[in-house]
Amino acid sequence: MKVKLILIAAIGLACLVSCCKTEKKNVETVVTETAVEEPKKEKTVIVARVKVKEGKEADFLKIALPLVEATHREEGNLYYELYQSPKQATVFIFYEEYVDDQAFDAHANSEHFKAFAAAVPELVAEEMKIDRF
């Protein structure tokens, strides 16, 4: 009886080791194949927060809306919108998505962005907060 149990245990152990070696080999193969693939390009997301001076909201919109319209026509732009806080009329957020960093760089160097950047300093109450994701 003891010999049969030892034999059965030995066969079970051999099968387990064999299966584990096969599984390990498959995992290594998958990892190797995945590592060879080209990295997926990530889009670039920008969130810019602007607080304008009290009473300058309309003036800000006069320079910001043409920027939004022109940016929609940029080749690498996926999404570009301006939001005004419903609770604080002086607070605005630009939410922007680009296909990649190069598309964002092209936007930052565009004539319409440069015109906005030149006009906005006299309207803001504090420095813009810009987050890049």
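**View 1. The largest pocket holds about 160 Å³ of space.** The model shown here is predicted. In its largest pocket, 14 residues form the lining. Ala48, Glu96, Phe113, Met128 and Ile130 lie nearest the pocket centre. Four elements each give two or more residues to this lining: β1 (44–51), β3 (91–98), α3 (101–108) and α4 (111–119). By type, the lining residues are twelve nonpolar, one polar and one charged.

**View 2. The largest nonpolar core has 19 residues.** Val50, Phe60, Leu82, Phe94 and Phe116 touch the most other members of this core. Elements giving two or more residues to the core are β1, α2 (57–72), β2 (77–84), β3 and α3. Helix α2 gives the most, with four residues.

**View 3. Phe116 and its contacts.** Phe116 is one of the core residues that touch the most other members. Leaving aside neighbours within four places in sequence, Phe116 is in contact with Phe60, Ile63, Ala64, Leu67 and Phe94. Phe60 and Phe94 are also among the core residues that touch the most other members.

**View 4. Asn77 in strand β2.** Asn77 counts as buried because its relative accessibility is 12%, and buried means under 20%. Residues up to four places away in sequence are not counted here; beyond them, Asn77 touches Thr71, His72, Glu97 and Tyr98.

**View 5. Thr90 in the loop between β2 and β3.** This loop residue, Thr90, has 9% relative accessibility, so Thr90 counts as buried. Its contacts, leaving aside neighbours within four places in sequence, are Val50, Lys51, Val52, Lys53, Glu54 and Glu57. One of these, Val50, is also among the core residues that touch the most other members.

**View 6. Ile93 in strand β3.** Ile93 has a relative accessibility of 32%, so Ile93 counts as partly exposed. Ile93 and Val47 are 46 residues apart along the chain, and their C-alpha atoms are separated by 6.8 Å. Val47 is also one of the residues in contact with Ile93. Leaving aside neighbours within four places in sequence, the other contacts of Ile93 are Ala48, Arg49, Glu81, Leu82 and Tyr83. Ala48 is among the residues nearest the centre of the largest pocket. Leu82 is among the core residues that touch the most other members.

Notes:
Residues are numbered from 1 along each chain as its sequence is written. This is a predicted model: local features need pLDDT of at least 70, side-chain atom pairs count only at pLDDT 80 or more; totals for chains, interfaces and linings use all residues. Side-chain values use heavy atoms; hydrogens and water are left out. On a 1 Å grid over the protein atoms alone, a cavity is a set of points where a 1.4 Å probe fits but cannot get out, and a pocket is an open set with protein on both sides within 12 Å along at least five of seven lines; lining residues have an atom within 4 Å of a point. Grid points are joined across faces, edges and corners, and a volume is the space filled by probe spheres set on the points. Ala, Val, Leu, Ile, Met, Phe, Trp, Tyr, Cys and Pro count as nonpolar, Asp, Glu, Lys and Arg as charged, and the others, Gly among them, as polar. A nonpolar core is a set of buried Ala, Val, Leu, Ile, Met, Phe, Trp, Tyr and Cys residues joined through side-chain atoms within 4.5 Å. Buried means under 20% relative accessible area, exposed over 50%, partly exposed in between (1.4 Å probe, protein chains only). Contact means heavy atoms within 4.5 Å.
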